[in-house]
Amino acid sequence: MKKTEFTLNGKAISLEKDPSKRFLDVLRNDLGLKGPKEGCGEGECGACAVLIDGNIVNTCILPLANVHGKTVTTIEGFSETRKFEVIKEAFKDEGGVQCGFCTPGMIIATESLLNKNPSPSDFEIRIGLSGNLCRCTGYELIIKAVKLAAKRGEGLW
Amino acid sequence: MKDISKAIHKVDSDEKISGTAKYTDDYVMENMLYAKTVRAMVSKGTIESIEFPDLPEGYFVVGPEDVKGENVVNMIFDDWPVFTKKAINYLGEPLCLIVGPDKATINAIIEAITIQVKEEPPTFDFTDSATHRHFEKGEPEKAFKDATKTIERTYETGYQEQAYIEPQGFFGYPENGGVTLIGSIQCPYYVKNAVMRSTGLKEDTVRIIQADVGGAFGGKEEFPSLMACELAAAIQKTGKPVKLIYERSEDMAVTTKRHPSKIKMKAYLNEDNTIKGLKVHVSLDGGAYIGLSKVVLSRAMIAVSGAYTFTNLDVSGDVYKTNTVPNGAFRGFGAPQMLFAIEMFIEHVAREVSEDPFAYRMHHLAKQGDSTSTGGTFRDPIILKPMIEKAKKASNYDALRRDYQNKDVFKGIGMSLFLHGCGFTGSGEADIIKAKVKLKKDEQDDIHILIAAVDMGQGPKTTIRKVVSDILNLPIEKVHYPNPDTLNVPDSGPTVASRTAMIVGGLCARAAEKLKKDYVKGKEQTVHETYVQPKEMEWDEDAMQGDAYPAYSWGVNIVEVEVNKGTYQIDVLKMTSVYDIGKALDEKIIEGQIHGGQAQGLGYGYLEVMNHKNGRIEQTTMTDYIIPTSVDMPPMETYIMDNPYALGPYGAKGAGELTLVGGAPALAKAVEQAIGKDIHKIPLTPETIMELMHHEKN
């Protein structure tokens with residue numbers, strides 16, 4: 001079987017596994033990273049999102065082969081960064097967390113958005129989070145949190 | 001004392017943000033097996049035979065014969081079998097589990113099963129009433145006879161799916177001669193009682209632990225009991241840890257949903273056009289089994305007056321059995337259907353007799369001292385009038401309502417007024433739940449809150465810790481509230497019915513006061529509290545007469561919309577709301593809960609379409625069933641009033657469900673103005689609006 005090689009949370013990984021295997025299952029079951037969640041299994045809800053080369057990608061519809069040669073950051077890896085601290089504090093201050101199941105995906109979406117657009121407007125934030133479903137918050141306080149993170153993180157992104 | 005409402009960081013945010021919070025599917029154990037459900041593929045019939053392929057070693061069939069106790073799921077009405085043996089009553093009904101170490105092999109086994117069924121004609125319409133209820137207020141018969149005019153309308157609402165982002169799931173293992181189950185649940189003791197009954201195991205060998213819960217909204221109230229009974233049988237048979245997690249499509253196809261309804265309303269008017277009385281009948285689609293539906297029906301019927309007072313009422317309702325997936329608990333519990341109907345109806349009546357709808361509603365508005373729909377009393381202050389004024393001002397309601405009278409703009413603004421009874425209906429708290437709480441102080445003077453209330457995002461871990469730490473004047477870090485484990489916590493009741501802050505929080509506050517009085521530094525101390533019904537409350541369950549709830553929360557929603565002239569798609573522009581929930585235990589937490597409830601209420605009104613076709617749910621993915629995204633949601637402006645309730649902790653009343661029930665009628669009223677047609681049915685899809693626009697007489 002062909003090896004799939006990629007960088008995961010700063011570490012080089014080489015896996016000899018079925019290249020069509022869902023990347024979410026590889027992360028959760030083979031590598032023990034439980035931060036990405038399965039909400040829908042069809043790329044609709046964003047709970048399984050990770051960063052691949054800095055962009056948000058849903059791993060529940062991603063075959064393992066597609067990460068070959070890429071840099072993957074899950075919430076576990078991202079939570080060791082300074083940017084994460086800024087986003088985390090903003091989510092806490094604004095009350096953007098309820099059940100928490102969508103939250104790691106929302107954090108990843110926030111990072112992906114701010115990477116491309118460090119000072120997004122309200123509407124740009126709504127578009128940036130629109131691939132991540134939340135059933136608890138109505139999004140309002142998450143949007144406020146992203147805005148606060150952008151403001152506090154000036155220069156970081 | 002500092003203001004309890006002042007927001008603090010939620011105590012569980014760190015682990016949720018960093019992805020280390022542990023949900024059911026995050027639990028693993030060595031030698032763990034997976035389970036998947038084999039389901040009926042017809043809506044009604046009798047099983048003649050099931051042929052299984054040869055099972056590889058280590059794989060098991062777990063079916064009705066493996067249910068060692070009663071083959072029934074313990075609920076309010078016990079008609080759900082754990083696994084059906086012969087009779088199939090809905091498509092998707094569980095027949096057995098296939099259990100084994102590899103998911104792909106389990107799927108292959110299920111593919112190879114042959115089931116012979118003698119099909120029978122299913123029922124999908126409202127013909128087979130399983131529960132009929134009726135109550136009256138005043139002298140309806142006499143009042144109706146004297147009426148000068150009558151107006152009659154019928155309202156319809158559809159299914160609504162809870163769509164928690166974490167699908168249903170359980171993980172369990174053998175322990176102590178019995179079973180231990182960890183699950184995504186709202187009601188640890190509902191699950192425990194159900195598993196004891198289905199397994200025949202004794203109290204001390206069934207242990208239920210709440211995992212972190214990824215949203216529930218009523219969907220994890222009674223349904224998890226079914227899964228738990230199935231899984232317990234699998235654990236007993238295999239002697240191994242077993243995990244049963246639903247995929248999204250399975251979850252949406254077979255779990256309980258909000259009851260579709262049909263509500264007939266007839267108003268009897270006085271000579272001056274005011275309402276003399278109402279005759280109302282509500283039909284709920286119960287699905288194949290009754291479960292909780294009778295209680296849902298009660299709440300729907302009791303909500304008949306909405307935010308108004310009517311002197312004469314004749315209210316009846318039926319839950320109809322149909323060969324469809326059983327319906328059950330969903331935030332609001334029958335009230336969203338009825339509040340949609342009454343809010344639309346009062347406006348429709350006003351317009352039909354050429355009265356100003358706003359003035360007409362104000363005339364009928366409920367006030368302190370009025371008698372409730374069931375002849376109880378609104379004892380506490382009702383502050384709806386200043387709330388309405390506040391909402392109108394903040395939303396610029398009067399000016400916009402006038403501007404949008406211009407038919408060409410296709411915009412509208414609508415206002416809903418509503419209430420929600422807090423806690424269990426009637427004598428449920430006193431007669432059925434009998435909530436108990438326990439506070440334990442250890443030798444380090446740390447306080448442990450021991451209750452069965454589940455934090456599924458709504459925040460009791462934070463708010464109840466705030467209450468207890470404030471009373472005992474301790475830093476919140478000294479007060480602990482782990483996820484409930486039935487080994488340690490008493491039965492403080494299910495996490496439902498907007499009761500957690502008010503009832504369980506109230507008991508914890510009382511326990512903390514007691515502990516404060518007897519506080520001895522450095523000594524282990526334990527205090528208990530048990531629910532006592534407010535003494536002025538009286539309720540006759542059979543006649544549905546008296547005080548249905550100890551307290552009521554109130555709300556005003558104003559929604560502004562634009563309807564696309566070409567596609568008839570609705571764009572929600574803004575939502576303004578004012579709530580009386582007694583007292584906020586944390587401003588940020590309640591604000592978030594309000595936004596989320598409103599999103600579900602708006603979604604119920606226009607986006608969330610679910611239907612069945614010959615008993616098969618047609619929308620079983622998040623692509624087909626649309627819940628609001630960040631782009632669908634409008635900016636929301638929210639105000640919370642201070643109107644403390646004497647018996648709630650710090651004055652708090654119920655809040656969780658209230659925030660959902662007003663969204664759909666406010667939205668529908670706004671759409672009515674935008675399109676100039678009367679609306680009797682939700683969800684308001686573009687197709688529904690198109691039909692209205694092309695229907696001449698409306």
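This tour moves through a predicted model, from the contact between its chains to single residues in loops of chain B.

**Where the chains meet**

Begin by colouring chains A and B separately and selecting the residues at which they touch: 41 residues of chain B are in contact with 41 residues of chain A. On the chain B side, the elements that give two or more residues are α1 (13-17) and α15 (587-606) of chain B, and the largest share, eight residues, comes from α15(B). If you then colour this side of chain B by residue class, you will find 16 nonpolar, 15 polar and ten charged residues.

**Inside chain A**

Next, hide chain B and select residues 4-78 and 82-152 of chain A, which the domain assignment gives as domain 1 and domain 2 respectively. The C-alpha centres of these two domains of chain A lie 21 Å apart, and 17 residues of domain 1 are in contact with 14 residues of domain 2. Stay on the side of domain 1 of chain A that touches domain 2, where β3 (49-52), β4 (55-58) and α2 (75-78) of chain A each supply at least two residues. The largest share of that side, three residues, is provided by β3(A), and its residues divide by class into ten nonpolar, five polar and two charged.

**An open sheet in chain B**

Bring chain B back and display it as a cartoon, then look for an open sheet of four strands, whose order is β16-β23-β24-β27 and whose pairing is mixed. Select β16 (411-422) and β27 (636-641) of chain B, which stand at the edges; each has a single partner strand, so one side of each is left without a neighbour in the sheet. Looking across the strands, you can follow a twist that averages 15° from one strand to the next.

Now narrow the selection to strand β24 (residues 570-580) of chain B and its partner β27(B), which run parallel and are joined by six bridges. One place to zoom in on this pair is B:D580, whose bridge partner in β27(B) is B:M641. Add helix α10 (residues 384-395) of chain B to the view, since this helix packs on the sheet and touches β16, β23 (551-563), β24 and β27 of chain B. The direction of α10 makes about 145° with that of β24(B).

**Backbone details in loops of chain B**

The remaining stops concern the backbone, and a general point helps in reading them: most residues other than glycine have a negative phi, and most peptide bonds are trans.

Select B:N176, which is found in the loop between β9 (169-175) and β10 (178-183) of chain B. Phi of B:N176 is near 55°, a positive value in a residue other than glycine. Is B:N176 buried or exposed? With 12 other C-beta atoms within 10 Å, B:N176 is exposed, because a residue with 12 or fewer such neighbours is placed in that class.

Move on to B:S354, in the loop between α8 (335-352) and α9 (357-364) of chain B. B:S354 is not a glycine either, yet has a positive phi of about 55°, and with 7 C-beta neighbours inside 10 Å it counts as exposed.

Finish at B:P683, whose place is in the loop between α17 (663-675) and α18 (686-694) of chain B. Show the backbone atoms of B:I682 and B:P683 together, and you will see that the peptide bond joining them is cis, with omega about 0°.

Notes. Residues numbered from 1 in each chain as written. Chains lettered and ligands numbered in written order. Predicted model: local features only at pLDDT ≥ 70, side-chain atom pairs only at ≥ 80, totals over all residues. Buried ≥ 20, exposed ≤ 12 C-beta atoms within 10 Å, placed from the backbone. Pairing = 2+ DSSP bridges. Axes fitted to C-alpha atoms, helices over the stretch in contact; angles between N-to-C directions. Contact = placed C-beta atoms within 7 Å. Domains from an automatic or database assignment. Nonpolar A, V, L, I, M, F, W, Y, C, P; charged D, E, K, R; others polar.
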